[in-house]
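Thanks for coming. I have one structure to go through today, and I will put it on the screen before I start.

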Amino acid sequence: MLEDENKLVERAKDGKVQAFGLLYEHYLPKIYRFVLLKVSHREEAEDLTHQVFLKAWENIEQYEFKGYSFGSWLYQIARNVTIDYYRDRTPREVSLEALAIELPSETDPLDGVQKKLDWSKLVKALKELKEVEREVLIMRFVDDLSIKDVADAIGKTEGAIKLIQHRAIKSLKKYFET
Amino acid sequence: MNEKELIEKLKTLQAIEPGPEFAESLKLTILQTPKRRMGGFGMPVNILYQSLNFGLAMTLTAVFILIVISGITGSLRNQILTRALGVEILNQNTALSQHIDQQLSDAQYLNTVAEKTNLALKEASTKGLGHINPLILEKEAGNLNFKDPVNTNIDVLLDKAL
């Protein structure tokens, strides 16, 4: 969670663009990763990320700190946006070209190629999981969210999230063993 | 691959980042978008304004139509309606009274016929043929030929029928 996040949210609610800008900068990479790993296509991930932040900006007055963080609220929006996206089409195959993941500029080119291949395999493995299992793993280990934040974003209890996480790792392990 | 290695592998995906150009252009686009202001009951001001505007427009249109129908042309409309309705009601009244008169006349006729029939039946049941005018009986009796019961008229009629 961002330092003084609640204050920033309050200022953003008052229409302070800079405050929302700071929230955006903090959460953009996380939300983008979450969406990209769900849709497996860079351009579509960018469009959907755009929608998430636009909805958040337009409806920020509706967010009230009732025990769950602004981040969890953003993930709720991201989940709804991707659910709407899948309502109209079937999930696509994962490919390196479609993912078009950009690596940090300092990455060694050879390492970069190997990394991209590994990620491609990993994304394919994640695709084999149930929707909720994939979401839990991405939020917990890719975006580093706490069990509580994941529970708030998904709308389940913390116990349920732990159970889903356990099952998801087991399934993923099985996938790499075969 | 054990659980720890798997989690480490997942954590490598943290290196995925949006392109800097995309991040910057999206930021500009979003922050330039006018934020919806909320009105009462958590309703965005522009939606509230639009719905009020629409409601007002509909009300004004309805009032205008009402004025046109019943206000400005009221006197003229009343005259036309009164005349038109008056003529129509008069026509209907005439037709109805004619119909009633006809019905009454039929009823009177039927009543008279019933009375006469009733009287005739009474006389027939009490006096037998006595109620019939004796002059007519005499005339009919003259026409009858009791000696020769053959009635030639019947033959003629039978010939015609065949």
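I will take the fold of chain A, then the core, the contact between the chains, the salt bridges, and a few local points.

One caution before the rest: what you see is a predicted model.

Chain A first. The secondary structure here comes to nine helices and zero strands, so in order from the N terminus it reads α-α-α-α-α-α-α-α-α. Of the 178 residues in chain A, 50% are buried. If you take the contacts in chain A with a separation of 6 or more, 65% of them join residues 24 or more positions apart. The exposed area of chain A is about 9,000 Å², and carbon and sulfur atoms supply 48% of that.

Now the core. Nonpolar side chains in soluble globular proteins tend to be buried together. In this model the largest nonpolar core has 66 residues. The residues with the most contacts inside it are A:Phe20, A:Ile31, A:Phe53, A:Phe70, A:Leu137 and B:Leu13. Which helix gives the largest share of this core? That is helix H2 of chain A, residues 17-39, with 13 residues. To pick one residue from the list, A:Ile31 touches A:Thr49, A:Val52, A:Phe53, A:Leu74, A:Tyr75 and A:Ala78, leaving aside residues up to four places away in sequence.

Next, the contact between the two chains. Chain A puts 41 residues into it and chain B puts in 28. The area buried between them is about 3,500 Å², with 71% given by carbon and sulfur atoms. There are also two salt bridges between chain B and chain A. A:Glu25 and B:Lys27 meet through their side chains in a salt bridge, at 2.2 Å from N to O.

On to salt bridges in general. Side chains of opposite charge can pair when their charged atoms come close. Over all chains the count is 11 salt bridges.

A:Arg79 and A:Glu135 form one, at 2.8 Å from N to O. This pair links distant parts of the chain, with A:Arg79 in helix H4 (residues 70-88) and A:Glu135 in helix H7, 56 residues apart. Are these two buried or exposed? A:Arg79 has 17% relative accessibility and A:Glu135 has 1%, so both count as buried.

Within helix H7 of chain A, A:Arg134 forms a salt bridge with A:Glu131, with the closest N and O atoms 2.9 Å apart. The two are three residues apart, about one turn of the helix. A:Arg134 is buried at 5% relative accessible area, whereas A:Glu131 is partly exposed at 34%. These pairs belong to a network of salt bridges that links A:Lys38, A:Arg79, A:Glu131, A:Arg134 and A:Glu135.

A:Lys13 and A:Glu10 make another salt bridge, at 3.8 Å from N to O. Both sit in helix H1 of chain A, residues 5-13, three residues apart, so about one helical turn separates them.

Last, the local points. Two residues that are not glycine have a positive phi of about 60°: A:Ser40 and A:Asp144. A:Ser40 is in the loop between H2 and H3 and is buried, at 0% relative accessibility. A:Asp144 is in the loop between H7 and H8 and is partly exposed, at 46%.

On chain B, a nonpolar surface patch of about 280 Å² is made by B:Leu96, B:Ile100 and B:Leu104. B:Leu104 is in helix H4 of chain B, residues 74-127.

How values were computed. Residues are numbered from 1 along each chain as its sequence is written. Chains are lettered from A and ligands numbered from 1 in the order in which they are written. This is a predicted model: local features need pLDDT of at least 70, side-chain atom pairs count only at pLDDT 80 or more; totals for chains, interfaces and linings use all residues. Side-chain values use heavy atoms; hydrogens and water are left out. A nonpolar core is a set of buried Ala, Val, Leu, Ile, Met, Phe, Trp, Tyr and Cys residues joined through side-chain atoms within 4.5 Å. Buried means under 20% relative accessible area, exposed over 50%, partly exposed in between (1.4 Å probe, protein chains only). Helices (H or I, at least four residues) and strands (E, at least two) are DSSP runs, numbered from the N terminus. Contact means heavy atoms within 4.5 Å. Patches are made of residues with over 30% relative accessible area and no salt bridge: like charges are joined within 9 Å, nonpolar side chains (Val, Leu, Ile, Met, Phe, Trp, Tyr) within 5 Å. Accessible areas come from the Shrake-Rupley method with a 1.4 Å probe; for residues, only the protein chains shown count as cover. A salt bridge is a side-chain nitrogen of Lys or Arg within 4 Å of a carboxyl oxygen of Asp or Glu. Buried area is the accessible area (1.4 Å probe) that two parts lose on being put together, summed over both.
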